[in-house]
Amino acid sequence: MLSLCAVFHTAFLVPASDLHQTLLDSLELLSLAAGISLISGLIFRESVEEPSADNKRLMTTLPVQVFYWATSIMLLLFVCCWYLESHCIFYRDVRRF
């Protein structure tokens with residue numbers, strides 16, 4: 001969860017000089033979060049003591065599902081923010097007369 005928070009912070013809250021720097025930093029942290037969630041998923045899968053534990057898929061474990069949901073939501077938010085930043089103007093002309 002903390003690694004996903006770091007990805008969110010890098011993608012949205014750190015003022016970067018350009019889009020490429022933001023993407024590179026976010027992808028670096030996203031790969032770290034993916035590794036952590038896969039290792040956690042393996043631990044979750046091995047901790048089940050049921051006889052059908054061998055058939056349980058890695059993609060159905062909680063850490064991997066949280067990673068997929070968080071990544072898809074952050075990707076959607078990033079694309080929306082990029083579109084709004086480049087195509088919409090959000091300022092008022094506040095000149096005093």
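Does Leu77 count as buried, partly exposed or exposed, and at what relative accessibility? In the predicted model described here, Leu77 has its place in helix 3, and at 38% relative accessibility this residue counts as partly exposed, because the class of partly exposed residues lies between the limits of 20% and 50%. Along the chain, Leu77 and Phe8 are 69 residues apart, and their C-alpha atoms are separated by 9.9 Å. Both residues also appear in the contact between helix 1 and helix 3, which is taken up below after the overall composition of the chain.The secondary structure of the protein chain comes to three helices and zero strands, and from the N terminus on these elements run α-α-α. Of the 97 residues of the chain, 20% count as buried. When contacts between residues at least 6 apart in sequence are considered, 47% of them join residues at least 24 apart.

Two helices that pack together are described by the angle between their axes and by the distance between those axes. For helix 1 (residues 2-13) and helix 3 (residues 62-87), the angle is about 5 degrees and the axes are 11 Å apart. Helix 1 is therefore roughly parallel to helix 3, since angles under 35 degrees are placed in that class. On the side of helix 1, the contact is made by Leu4, Val7, Phe8, Ala11 and Phe12, while helix 3 contributes Val66, Phe67, Ala70, Met74, Leu77, Phe78 and Cys81. The residues of this contact divide into 12 nonpolar, no polar and no charged.

Helix 1 also packs with helix 2, in this case at an angle of about 170 degrees and with the axes 9 Å apart. Helix 1 is therefore roughly antiparallel to helix 2, because angles over 145 degrees are counted in this way. The residues of helix 1 that make the contact are Ser3, Leu4, Ala6, Val7, Thr10 and Ala11, and those of helix 2 are Thr22, Asp25, Ser26, Leu29, Leu30, Ala33 and Ile36. In the contact of helix 1 with helix 2, eight residues are nonpolar, four are polar and one is charged.

Two residues with low accessibility illustrate the surroundings of individual side chains. Ser26, which is found in helix 2, has a relative accessible area of 11% and is therefore buried, as the limit for this class is under 20%. When residues up to four places away in sequence are not counted, Ser26 touches Val7, Thr10 and Ala11, and these three residues are listed for helix 1 in its contact with helix 2. Thr61, by comparison, is found in the loop between helix 2 (19-47) and helix 3. With a relative accessible area of 2%, Thr61 is also buried, and, with residues up to four places away in sequence again left out, Thr61 touches Gly41, Phe44 and Arg45.

The structure holds one aromatic pair. The rings of Phe67 and Tyr68 have their centres 6.0 Å apart and their planes at 50 degrees, so this pair is tilted; an angle under 30 degrees would have counted as stacked and one over 60 as edge-to-face. Phe67, at 11% relative accessibility, counts as buried, whereas Tyr68, with a relative accessible area of 41%, is partly exposed. Phe67 is also one of the residues of helix 3 in the contact with helix 1.

The cysteines were examined for disulfides, and the count comes to zero. For Cys80, the closest cysteine sulfur is that of Cys81, at 7.0 Å, which is too far for a bond, because a disulfide needs the two sulfur atoms to lie within 2.5 Å. Seen from the other residue, the closest cysteine sulfur to that of Cys81 is in Cys80, again at 7.0 Å and too far for a bond. Cys80 is partly exposed, with a relative accessible area of 40%, and Cys81 is likewise partly exposed, with a relative accessible area of 39%.

How values were computed. Residues numbered from 1 in each chain as written. Predicted model: local features only at pLDDT ≥ 70, side-chain atom pairs only at ≥ 80, totals over all residues. Heavy atoms only, no water. Axes fitted to C-alpha atoms, helices over the stretch in contact; angles between N-to-C directions. Helix = DSSP H or I, 4+ residues; strand = E, 2+ residues; numbered from the N terminus. Parallel < 35°, antiparallel > 145°, perpendicular 65-115°, else oblique. Contact = heavy atoms within 4.5 Å. Nonpolar A, V, L, I, M, F, W, Y, C, P; charged D, E, K, R; others polar. Buried < 20%, exposed > 50% of the residue type's maximum accessible area, 1.4 Å probe, protein only. Phe/Tyr/Trp six-rings, centres within 6.5 Å; stacked < 30°, edge-to-face > 60°.
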